[in-house]
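Okay, thanks for squeezing me in. I've got one model to walk you through, so let's put it up on the screen.

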Amino acid sequence: MGRSLILAFALMLVLEGIIPFVAPATWRETFARLIRLADGQIRFVGLGSMLVGLVILIVFS
């Protein structure tokens, strides 16, 4: 269980690093747009991301 969690975290870091490595200007602009969003909008994006991740976990487990 612990090894799987570490591997999942490592994969997340690899995937999260692809965009800033390949397109740093696009990544910077995306974060500049995120800063201008209201807290409620950011929470909605976070909720959507968690739900998609949960569905993927359920489907592939």
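I'll talk about the salt bridges, and then about the pockets. Keep in mind that this is a predicted model.

So, salt bridges. How many does the structure hold? Two. One of them pairs Glu-29 with Arg-33, and the closest N and O atoms there sit 3.5 Å apart. If you look at where those two are, both belong to helix α2, which covers residues 24-35, and they're four residues apart, so about one turn of the helix.

The other salt bridge goes from Glu-29 to Arg-36, with 4.0 Å between the closest N and O atoms. Put the pairs together and you get a network of salt bridges linking Glu-29, Arg-33 and Arg-36.

Buried or exposed, what about Arg-36 in that network? Arg-36 is exposed, because its relative accessible area is 59% and the cut-off for exposed is over 50%. Glu-29 comes in at 38%, so that one is partly exposed. Arg-33 has 46% relative accessibility, so Arg-33 counts as partly exposed too.

Okay, on to the pockets. The largest pocket has a volume of about 460 Å³. It's lined by 15 residues, and the ones closest to the centre are Ala-8, Met-12, Gly-53, Ile-56 and Leu-57. Which elements give two or more residues to that lining? Those are α1, residues 2-22, and α3, residues 39-60. For the chemistry of the lining, you've got 11 nonpolar residues, three polar and one charged.

Then there's the second largest pocket, at about 160 Å³. Here I can give you the lining in full: Glu-16, Ile-19, Pro-20, Trp-27, Thr-30, Phe-31 and Leu-34. Both α1 and α2 put in at least two residues each. Which of the helices gives the largest share? That's α2, with four residues. By class, the split for this lining is five nonpolar, one polar and one charged.

If you want to colour the view yourselves, here's how I'd look at it. Start on α2, find Glu-29 and Arg-33, and follow the network on to Arg-36. Then pick out the lining of the second largest pocket, Trp-27, Thr-30, Phe-31 and Leu-34 among them. After that, go over to the largest pocket, with α1 and α3 contributing to its lining.

That's it from me, happy to take questions.

Conventions:
Residues numbered from 1 in each chain as written. Predicted model: local features only at pLDDT ≥ 70, side-chain atom pairs only at ≥ 80, totals over all residues. Heavy atoms only, no water. Salt bridge = Lys/Arg side-chain N within 4 Å of Asp/Glu carboxyl O. Buried < 20%, exposed > 50% of the residue type's maximum accessible area, 1.4 Å probe, protein only. 1 Å grid on protein atoms, 1.4 Å probe; cavity = no way out; pocket = protein on both sides within 12 Å on 5 of 7 lines; lining within 4 Å. Points joined across faces, edges and corners; volume = space filled by probe spheres on them. Nonpolar A, V, L, I, M, F, W, Y, C, P; charged D, E, K, R; others polar.
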